[in-house]
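Subject: Structure for your review

Dear colleague,

Please find below the structure that I am handing over to you. My findings follow directly after it, with each term explained where it is introduced.

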Amino acid sequence: MASPKIVVVAGSIRSGSLNEKLAALAARSLRDAGADVTHISLRDYPLPIYDGDLQNQSGVPDAAKRLVDLFVAQQGAFVASPEYNSSFPPLLKNTFDWMSRVNIEGRPPLPAFKTKAFALGAVSGGAMGGYRGLTQLRAMMELGLGALVLPEMAAVAGGADAFTPEGGLANARTADFLEALVRRLVAQSGLLA
Ligand SMILES: Cc1cc2nc3c(=O)[nH]c(=O)nc-3n(C[C@H](O)[C@H](O)[C@H](O)COP(=O)(O)O)c2cc1C
């Protein structure tokens, strides 16, 4: 059976981003589990704040179309999202909003999100590890975008101290949880391959 294709993305483009670290770890684990991984940075897909007038005048920006093309070619996605004020950051909302405006002829709406398995993770300095933000992200992805989101969500508390110098997770239970999530994502994506 072909390796499932899985895209990995963090909802932060900040240098030193903890969620980018989590994304890098997830990408490594996904490869080890047999997936064909594409790890992207949203820095390479700059988008203006969504504005309906802008869309009417100029259409959907090329970066959003490129993202949709990339996502359509995958069976799975891992999203590492910071928590901003108990929700998820505007970078992810804006990116997914623009992507939701892209239609592909002959395909149902929201081609980037439907028929794809998503796994969600977060790192924050707070004790809940960004879990509250993930619940909001899950709601948007499932209810708004029609995505299939795996039930488990990897919330990594402790911020910068959560990682070992090698980029692994210092807490063994959290590491095991992420590993199980990664394996489930590969298995679920494989069903869609
Ligand atoms: C606007 C803003 C709001 C934040 N709100 C929360 C929050 O509600 N809960 C939390 O645990 N951390 C919160 N933080 C801290 C972020 O989780 C922390 O800065 C994290 O490292 C950001 O992710 P990144 O390192 O991937 O950029 C907030 C940070 C910012 C900039």
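The ligand is surrounded by 13 residues, where a residue counts as near a molecule if one of its heavy atoms lies within 4 Å of it. The closest are Ser12, Arg14, Ser17, Glu83 and Asn85. Ser12 places a polar side-chain atom 2.8 Å from an oxygen atom of the ligand. Two backbones also take part: a polar backbone atom of Asn85 is 2.8 Å from a nitrogen atom of the ligand, and a polar backbone atom of Ser86 is 2.9 Å from an oxygen atom of the ligand.

Please note that this is a predicted model, in which local features need pLDDT of at least 70 and side-chain atom pairs count only at pLDDT 80 or more, while totals for chains, interfaces and linings use all residues. Residues are numbered from 1 along each chain as its sequence is written, and side-chain values use heavy atoms, with hydrogens and water left out.

I turn next to the sheet. Helices (H or I, at least four residues) and strands (E, at least two) are DSSP runs, numbered from the N terminus. Five strands form an open sheet in the order 2-1-3-4-5, with parallel pairing; two strands pair if DSSP finds at least two bridges between them. Strand 2 (36–40) and strand 5 (148–156) stand at the edges with a single partner strand each, so one side of each has no neighbour in the sheet. From one strand to the next, the twist averages 15°; the axes behind such angles are lines fitted to C-alpha atoms, for helices over the stretch in contact, and angles run from 0 to 180 degrees between N-to-C directions. Strand 3 (residues 76–80) and strand 4 (residues 117–123) run parallel and are joined by five bridges. Ala77 has Phe118 in strand 4 as its bridge partner.

Helix 3 (residues 62–72) lies across strand 1 (5–10), strand 2, strand 3 and strand 4, and runs at about 160° to strand 2.

Which residues touch the most other members of the largest nonpolar core? In this core of 35 residues, they are Phe71, Phe96, Phe113, Phe118, Leu137 and Met141. A nonpolar core is a set of buried Ala, Val, Leu, Ile, Met, Phe, Trp, Tyr and Cys residues joined through side-chain atoms within 4.5 Å. Buried means under 20% relative accessible area, exposed over 50%, and partly exposed in between (1.4 Å probe, protein chains only). Helix 3 gives the most to this core, with six residues. Another core, of 28 residues, lies apart from it and includes Phe78, Ala80, Phe163 and Val186.

Helix 4 (90–100) is among the elements that give two or more residues to the largest core. Its buried residues are Leu92, Asn94, Thr95, Phe96, Trp98 and Met99, and they pack against helix 2 (52–58), helix 3, strand 3 and helix 5. Asp97, also in helix 4, counts as partly exposed because its relative accessibility is 24%.

Is Gln55, in helix 2, buried or exposed? Gln55 counts as buried because its relative accessibility is 17%. The side chains of Gln55 and Arg101 are joined by a polar contact of 3.3 Å, that is, a pair of N or O atoms within 3.5 Å; within protein, one must be able to donate a hydrogen and the other to accept it, and residues adjacent in sequence count only if both atoms are side-chain atoms.

Yours sincerely

Notes:
Contact means heavy atoms within 4.5 Å.
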